[in-house]
Amino acid sequence: MSLTLGYRRADKMSEECGVFGIYAPGSDVARLTYYALYALQHRGQESAGIAVADGRTIRGEKGPGLVAEVFADTDRLKRLPGHVALGHVRHAGDCADRAVNAQPLVIRYRHGSLAIAHNGNLTNGHRLREELETEGSIFQTTTDSEIIAHLVARCGEKELTTALKKSLPKVQGAYAFVLMSPDQLIGLRDPHGIRPLSLGKMPGGYVLASETCAFDTIGAEFVRDIAPGEMVTIDRHGLHFERFAPPAPRAMCIFEFIYFARPDSNLLGRNVHLVRKRLGRRLAAEHPVAADLVAGVPDSSLSVASGVAEQLGLPYEMGFNKNRYIGRTFIQPSPELRTLGVQLKLNPVRQIVAGKRVVIVDDSIVRGTTSRHIVEMLRKAGAKEVHMRISSPPVIAPCCYGLEISSSTELIAARMSVDEIAASIGADSLGFLSAEGLLAAVDLPAEGFCQACFNGCYPVKTGDPRGEKEHTEEEKEQEVQ
Ligand code: SF4
């Protein structure tokens with residue numbers, strides 16, 4: 001479920017950013033990118049942007065808001081002629097709401113121009129930025145994309161791919177980057193493959209996207225995932241694959257299956273909806289309960305809830321309606337207004353839940369505040385009993401790879417037992433899916449995934465012995481407010 005209510009206290013693993021790239025001479029690449037960004041909108045609603053190259057010049061249009069808001073004036077697309085494009089939707093997990101951080105970044109440097117956009121987080125980003133600033137670099141944004149742009153610009157190599165191969169060994173973290181020169185599209189993925197990036201094919205060209213649902217939207221066909229530590233270059237000569245990092249243990253973020261990805265996307269050859277249904281069946285088998293109906297918290301938990309209902313032999317009902325038309329204007333700064341924001345976004349269906357024993361299914365519990373609101377709303381709507389079931393293990397450790405939870409003190413499961421959490425959120429019972437159950441439902445080897453937020457084992461050096469993200473002074477101040 002997504003409750004994106006501001007950087008400091010969002011009570012969910014918030015969406016990742018979404019990236020898209022296309023090389024397709026003869027196609028309206030700006031418009032295709034616009035459609036693809038619609039499909040990736042769930043990965044970030046803070047800002048959106050498109051950059052297009054025509055062989056000589058790179059032009060960009062971007063701004064704060066949803067894709068539909070940023071490109072409400074469709075003349076913005078007409079101002080982007082060319083045959084190579086990048087697109088980006090951004091979730092503001094890495095800092096405050098700043099339009100200046102909208103991507104793609106378009107820069108000019110000694111060897112020409114480039115555009116860059118990314119999904120993820122460099123765990124040594126603050127350190128690299130300090131070093132670059134000490135050496136005279138001037139930053140205009142707080143994005144990791146700009147760090148890569150500076151490294152590329154300073155390394156002295158004319159060829160973009162050569163410059164990247166020279167620069168990337170300096171960075172650590174979880175990332176998928178898409179870049180372009182005026183006549184070339186490049187995609188690459190961190191050595192552990194923590195963040196996803198897939199390659200697709202369409203008539204006359206190729207596409208790259210964070211999720212395969214973007215391919216379906218524009219009529220492209222999935223070819224394969226970009227391998228961890230691999231870089232693909234697409235230009236008039238076709239496709240060229242090369243490694244920029246030696247093989248490392250795979251560690252894709254398992255939360256892609258639990259929450260981030262759209263149900264119609266496929267990850268590692270598995271359809272996300274079907275995996276979530278299996279999560280639900282396993283969750284119900286681990287935590288059976290006598291009840292009247294099962295409902296999911298929209299949207300990510302609907303697939304799971306259908307699996308829970310099947311396993312328990314109970315009706316699967318619409319317990320909540322979700323208002324899908326709340327944009328960034330509802331991001332509210334105070335706790336009171338954030339509570340109102342939850343209620344605006346979710347409304348229980350009284351006629352369904354009144355007088356019933358309800359099993360309510362959600363994907364995770366982070367701070368517990370959203371779960372408390374959900375239970376409260378169901379009780380106010382007349383639910384007789386509320387049994388919460390969670391399709392992931394307890395989140396006990398922060399994520400330092402681009403998600404918002406930056407300190408274990410914020411995590412309710414790091415401080416309380418399951419029974420204590422149930423009491424704290426006001427549920428009659430609470431059950432989390434086990435780590436074994438999660439992996440059984442995904443049906444892929446455990447060693448291929450990052451599960452650090454469940455077990456504290458971080459696949460990439462984090463810059464802090466506790467695995468916690470390095471913070472800017474500005475972020476530290478925000479944390480204590
Ligand atoms: S710690 Fe790992 S599994 Fe958890 S959200 Fe971050 S990347 Fe995903």
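Which residue in E10 does Ile22 stand opposite? Let us find out by walking through this structure, which is a predicted model.

## The sheet and its edges

Start with the open sheet, built from seven strands with antiparallel pairing. If you trace the strands from one side to the other, the order is E3-E2-E4-E1-E10-E9-E11. The two ends of that order are the edge strands, E3 (58–64) and E11 (221–225), and each of them pairs on one side only. Ignoring direction, neighbouring strands of this sheet are turned by 15 degrees against each other on average.

## Pairs inside the sheet

Now back to our opening question. Strand E1, residues 18–23, pairs with strand E10, residues 205–209, in the antiparallel sense over four bridges. The residue opposite Ile22 is Val207 in E10.

E10 also pairs with E9, again in the antiparallel sense, and here there are five bridges. One example to look for is Ser198, whose bridge partner in E10 is Ala209. E9 and E10 form a hairpin with two residues between the strands, and in this hairpin Gly204 has a positive phi near 80 degrees.

Strand E9 (residues 198–202) has an antiparallel pairing with E11 as well, over four bridges. Within this pairing, Leu199 has Arg224 of E11 as its bridge partner. As a helpful rule when you look at any of these strands, side chains in a regular strand alternate between the two faces of the sheet.

## A helix across the sheet

Next, look for helix H1, which covers residues 29–39. H1 lies across four strands: E1, E2 (47–53), E4 (84–90) and E10. Relative to E4, the helix runs at about 25 degrees.

## Two helices that cross

Further along the chain, try to spot helix H9 (residues 272–286) and helix H16 (residues 435–442). Their axes come within 8 Å and cross at roughly 145 degrees, and the crossing is right-handed.

Which residues make this contact? From H9 come Val275, Arg278, Leu279, Arg282, Leu283 and Glu286, while H16 supplies Gly437, Leu438, Ala440, Ala441 and Val442. Sorted by class, the contact has seven nonpolar, one polar and three charged residues.

## Around the ligand

Finally, turn to the ligand, which has 13 residues around it. Those that come nearest are Cys253, Cys399, Cys450, Ala452 and Cys453. What classes of residue make up the shell? It divides into 12 nonpolar residues and one polar residue, with no charged ones.

Definitions and conventions
Residues are numbered from 1 along each chain as its sequence is written. This is a predicted model: local features need pLDDT of at least 70, side-chain atom pairs count only at pLDDT 80 or more; totals for chains, interfaces and linings use all residues. Two strands pair if DSSP finds at least two bridges between them. Axes are lines fitted to C-alpha atoms, for helices over the stretch in contact, and angles run from 0 to 180 degrees between N-to-C directions. Two residues are in contact if their C-beta atoms, placed from the backbone, lie within 7 Å. A crossing is left-handed if the near helix is turned anticlockwise from the far one by less than a right angle, and right-handed if clockwise. Ala, Val, Leu, Ile, Met, Phe, Trp, Tyr, Cys and Pro count as nonpolar, Asp, Glu, Lys and Arg as charged, and the others, Gly among them, as polar. A residue is near a molecule or strand if its C-beta atom, placed from the backbone, lies within 6 Å of it.
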